[in-house]
Amino acid sequence: MEIQSSGRSIDTLMEKVLCMNILSSDYFKELFRLKTYHEVIDEIYNQVDHVEPWMTGNCRGPSTAFCLLYKFFTMKLTVKQMHGLLKHPDSPYIRAVGFLYLRYVAEPKTLWGWYEPYIKDDEEFSPGSNGKMTTMGVYVRDLLLGQYYFDTLLPRVPLPLMRQITTNLEKMKLPTKLSGVTGDSTRMGADDSTARRPPSVKASLSVSFGQRAPHRASTRDSSPVRKAVADRDRDRDRDRDRERERSVDRSRDRERSYDDRDRDRDRARDRERERDRERERDRDRDRRDRDRDYHRSSKERRDYDRDRYSSRRSRSPRRDSHERHRDSPFRGEKKETVLNNLQKLKDLYGDASQPKNDNGAGSEGVRKGTGTEEVIRLGGSSSWR
């Protein structure tokens, strides 16, 4: 949840001179690289050593603290982030930037609710560049009570709210007058010529504050600061040109590397295609060899079967008849039948091997046998003709 704000833009809350100087400063432009809340806090911890709005000395630019404060303005901090700033234990300047953020952005009627827990804070630090020490509680009370802050204007707190704040401080038995740690109560009280604010935008942008404006011919060429700035601008332009050339060279090298990478990729792809074609040719060659071997073996097997079959047929009749005669299961039965028939013939006609006792009987038998045309088939058949 964002902090309840007054609804006014920061350009109307901060003085125009200070706002323009912050936006045009090189340091603020470098802060574009900071993207997160924690990165800005780290930058405050490393770079900020006072919380005045302007740098000290003759270099009249915006201070580091106010450039980082404006960076927070662009980020629109949440309530949780603001509590983290106000309670940060590492640096009092991180806390001081948080209180300044509230003094500029927060709704005036919510200021007392934010500042009250820290009214009596006893952490010591130096808000100005002069090294004068004070406590965080005194610094917070001066932010509430004063409208001028180190020669710049803070947003005006309505008079009824200011009276209520004064009453609350009196109840807490705390001072209701400014202590002076944030500068004098008016701009006229500043007597340090090196610490006074620029009187106008033109003067704040001058290369030599305290002299005539740089658009005058008498100061544009004679000012040593102008010459130093011109040399610095020339060096910056030269560095920019060199950086541009290096960028062009890097882009050219990058394009060349991309071209080489694409060329290598195309070559690798061509080699892979060639390997695929070689593998395909090898597979086709192996397939043809297998087919040829298969056909050759099939033909040889057919020729072998044909020769074997023809040789078997050439010797099969004799072998079959011999085996049939040899292996007939009825061979024993036929032999027995032949013997029976022979015995019957002997009984009928007599045995020719024995001598004849009766000539008449033998001749009769012979005649009987010769007078008939009956033939006995000795092959085993029982039929008579």
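Phe72 and the packing of two helices

User: In this predicted model, which residues is Phe72 in contact with, once its neighbours within four places in sequence are left aside?

Analyst: Leaving those neighbours aside, Phe72 is in contact with Tyr37, Val40, Ile41, Ile44, Leu77, Leu85, Val97 and Tyr101, where contact means heavy atoms within 4.5 Å.

User: What makes Phe72 stand out in the largest nonpolar core?

Analyst: That core has 63 residues, and Phe72 and Tyr115 are the ones with the most contacts inside it. Helix H7, which spans residues 92-105, gives the most to this core, with 10 residues.

User: Why are H4 and H5 called roughly antiparallel?

Analyst: The axes of helix H4 (residues 37-47) and helix H5 (residues 64-75) cross at roughly 170°, and angles over 145 degrees count as roughly antiparallel, so H4 and H5 are placed in that class. Their axes also come within 10 Å.

User: Which residues of H4 and H5 meet, and how do they divide into nonpolar, polar and charged?

Analyst: From H4, the residues Tyr37, Val40, Ile41, Glu43, Ile44 and Gln47 meet Thr64, Leu68, Lys71, Phe72 and Met75 of H5. The residues of this contact divide into 7 nonpolar, 2 polar and 2 charged.

User: How much of the protein chain is buried, and what supplies its exposed area?

Analyst: Buried residues, meaning those under 20% relative accessible area, make up 29% of the 385 residues in the protein chain. The chain exposes about 26,400 Å², of which carbon and sulfur atoms supply 48%.

Terms used: Residues numbered from 1 in each chain as written. Predicted model: local features only at pLDDT ≥ 70, side-chain atom pairs only at ≥ 80, totals over all residues. Heavy atoms only, no water. Buried < 20%, exposed > 50% of the residue type's maximum accessible area, 1.4 Å probe, protein only. Areas by Shrake-Rupley, 256 points an atom, 1.4 Å probe, with all protein chains shown as cover. Core = buried A, V, L, I, M, F, W, Y, C linked by side-chain atoms within 4.5 Å. Helix = DSSP H or I, 4+ residues; strand = E, 2+ residues; numbered from the N terminus. Axes fitted to C-alpha atoms, helices over the stretch in contact; angles between N-to-C directions. Parallel < 35°, antiparallel > 145°, perpendicular 65-115°, else oblique. Nonpolar A, V, L, I, M, F, W, Y, C, P; charged D, E, K, R; others polar.
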